[in-house]
Amino acid sequence: MLAYTYIEKGCFELLDKPKPKLQSEYDAIVKVTLSSICTSDLHIKHGSVPRAVPGITVGHEMVGVVERVGSAVKKVKPGDRVTVNVETFCGTCFFCRNGFVNNCTDPDGGWALGCRIDGGQAEYVRVPHANQGLNKIPPSVTDEQALFVGDVLATGFWAARISDIKQEDTVLIIGAGPTGICTLLCALLKKPRRIIVCEKDNSRLEFVQKHYPEVLVTKPEAVQEVIKKHSEHGGADVVLEVAGTKDTFRLAWQCARPNATVTIVALYDEAQSLPLPDMYGKNLTFKTGGVDGCECDVILKLIAEGRIDTLPLITHTYPLARIDEAYDLFENKRDQVMKVAVRSSVGL
Ligand SMILES: [Zn+2]
Ligand SMILES: [Zn+2]
């Protein structure tokens with residue numbers, strides 16, 4: 001089967017590999033229909049994910065059809081259409097029992113798919129702990145609608161949940177890339193008084209204005225002024241930092257009102273400094289990333305009810321055979337790309 005493979009730093013290649021087999025009674029084999037490319041895949045390509053193993057098939061955001069299951073897999077059966085979770089988790093350890101599945105202590109726990117074990121930019125993928133890692137797609141929801149459930153949308157949902165957004169709040173979201181938009185969609189479900197999105201890229205600002213006209217948008221240069229004008233207490237009640245740069249990290253705490261919650265969703269390439277003397281007395285609460293992606297069934301239900309729609313994020317579609325071109329487009333942010341769907345099914 002075709003599988004997009006991490007060869008070495010700077011190099012991914014589409015190789016012909018054997019189809020995966022069940023290795024445990026908890027495994028499932030999923031025939032991938034659609035996968036997507038995530039910024040984390042680019043981090044692997046650039047060598048900034050040290051635990052990524054050369055030779056693995058990349059890709060951790062995908063949907064497909066269950067082909068085979070191990071004897072202990074009860075949640076899904078062959079023929080079911082499913083989303084695949086970016087995280088592998090056992091469901092029984094201390095962290096899993098408390099919903100902190102990102103820190104599952106299983107040897108395969110956490111982000112393993114497409115990083116430490118073979119992922120889904122391929123025709124088939126083996127999913128360990130399939131009772132936890134797979135969620136059935138409701139009949140009324142298409143593969144395209146469900147494509148981001150296991151990764152970027154799970155991240156947005158988790159970020160909005162841990163930020164304790166209230167209806168009287170002014171919420172600032174920094175960054176309007178795919179994860180920022182997913183965070184916005186999930187923050188909108190909390191119905192805060194106001195949401196402001198800060199983004200430096202014009203086309204992404206236009207994207208937000210076009211699809212979510214009720215949201216205020218601003219460039220980073222003006223964000224502090226805009227926040228002061230549109231918040232009751234001198235700053236945002238909740239800030240979600242989804243951009244991941246030194247400047248946006250600083251803006252996140254600067255734009256927060258005293259006693260606000262600042263949720264760091266982004267993954268940074270380098271350490272950030274917290275200038276504690278400058279923020280002394282602001283009494284901020286910081287919450288930091290990695291998604292606990294254990295609410296995919298809830299998210300799928302919200303999609304079925306029409307309350308979350310990520311279809312506008314799919315700006316481009318490529319067949320797996322042309323995945324090199326899809327990466328080139330995504331990596332170089334050409335043609336106002338947001339997300340690329342990669343079709344794995346033979347014949348499509
Ligand atoms: Zn990802
Ligand atoms: Zn666990």
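Domain bounds, as used on this tour, come from an automatic or database domain assignment. The structure in your viewer is a predicted model, and the tour begins with its overall division before moving on to single strands and residues.

**The two domains**

Select residues 2-151 together with 292-343 and colour them as domain 1, then select residues 156-287 and give domain 2 another colour. If you mark the centre of each domain, taken over C-alpha atoms, you will find that 27 Å separate the centres of domain 1 and domain 2. Turn next to the place where the domains touch, where 14 residues of domain 1 are in contact with 11 residues of domain 2. On the domain 1 side of this contact, the residues divide into 6 nonpolar, 4 polar and 4 charged.

**A sheet of six strands**

Now show the strands as arrows and look for the open sheet of 6 strands, whose order is 12-11-10-13-14-15 and whose pairing is parallel. At its edges you should find strand 12, at residues 216-218, and strand 15, at residues 285-288, each of which pairs on one side only. As you follow the sheet across, the twist from one strand to the next averages 20°. Zoom in on strand 14, residues 256-264, which runs parallel to strand 15 and is joined to it by 4 bridges. Select Ile264 there, and you can trace its bridge partner in strand 15, which is Thr288.

**The nonpolar cores**

Next, display the side chains of Ala28, Val30, Leu172, Ile173 and Val239, which have the most contacts inside the largest nonpolar core, a set of 99 residues. Helix 5, at residues 152-162, supplies the largest share of this core, with 7 residues, and the core draws at least three residues from each of domain 1 and domain 2. Stay with Ala28 for a moment: leaving out residues up to four places away in sequence, Ala28 touches Val66, Arg68, Val69, Gly70, Val73, Val76, Val127, Ala130 and Leu134. Apart from the largest core lies another core, of 6 residues, including Phe89, Cys90, Cys96 and Cys294.

**A stop at Thr33**

Finally, select Thr33, which you will find in strand 3, residues 28-36. Why does Thr33 count as buried? Thr33 counts as buried because it has 22 C-beta neighbours inside 10 Å, and the cut-off for a buried residue is 20 or more. Beyond its neighbours within four places in sequence, Thr33 is in contact with Val63, Gly64, Val65, Asp143, Ser344 and Ser345. To end, draw a distance line from Thr33 to Lys136, which is 103 residues apart from it along the chain, and the C-alpha atoms of the two are separated by 14 Å.

How values were computed: Residues are numbered from 1 along each chain as its sequence is written. Chains are lettered from A and ligands numbered from 1 in the order in which they are written. This is a predicted model: local features need pLDDT of at least 70, side-chain atom pairs count only at pLDDT 80 or more; totals for chains, interfaces and linings use all residues. Two residues are in contact if their C-beta atoms, placed from the backbone, lie within 7 Å. Ala, Val, Leu, Ile, Met, Phe, Trp, Tyr, Cys and Pro count as nonpolar, Asp, Glu, Lys and Arg as charged, and the others, Gly among them, as polar. Two strands pair if DSSP finds at least two bridges between them. Helices (H or I, at least four residues) and strands (E, at least two) are DSSP runs, numbered from the N terminus. Axes are lines fitted to C-alpha atoms, for helices over the stretch in contact, and angles run from 0 to 180 degrees between N-to-C directions. A nonpolar core is a set of buried Ala, Val, Leu, Ile, Met, Phe, Trp, Tyr and Cys residues joined through C-beta atoms within 7 Å. A residue is buried if 20 or more other C-beta atoms lie within 10 Å of its own, exposed if 12 or fewer, and partly exposed in between; C-beta atoms are placed from the backbone.
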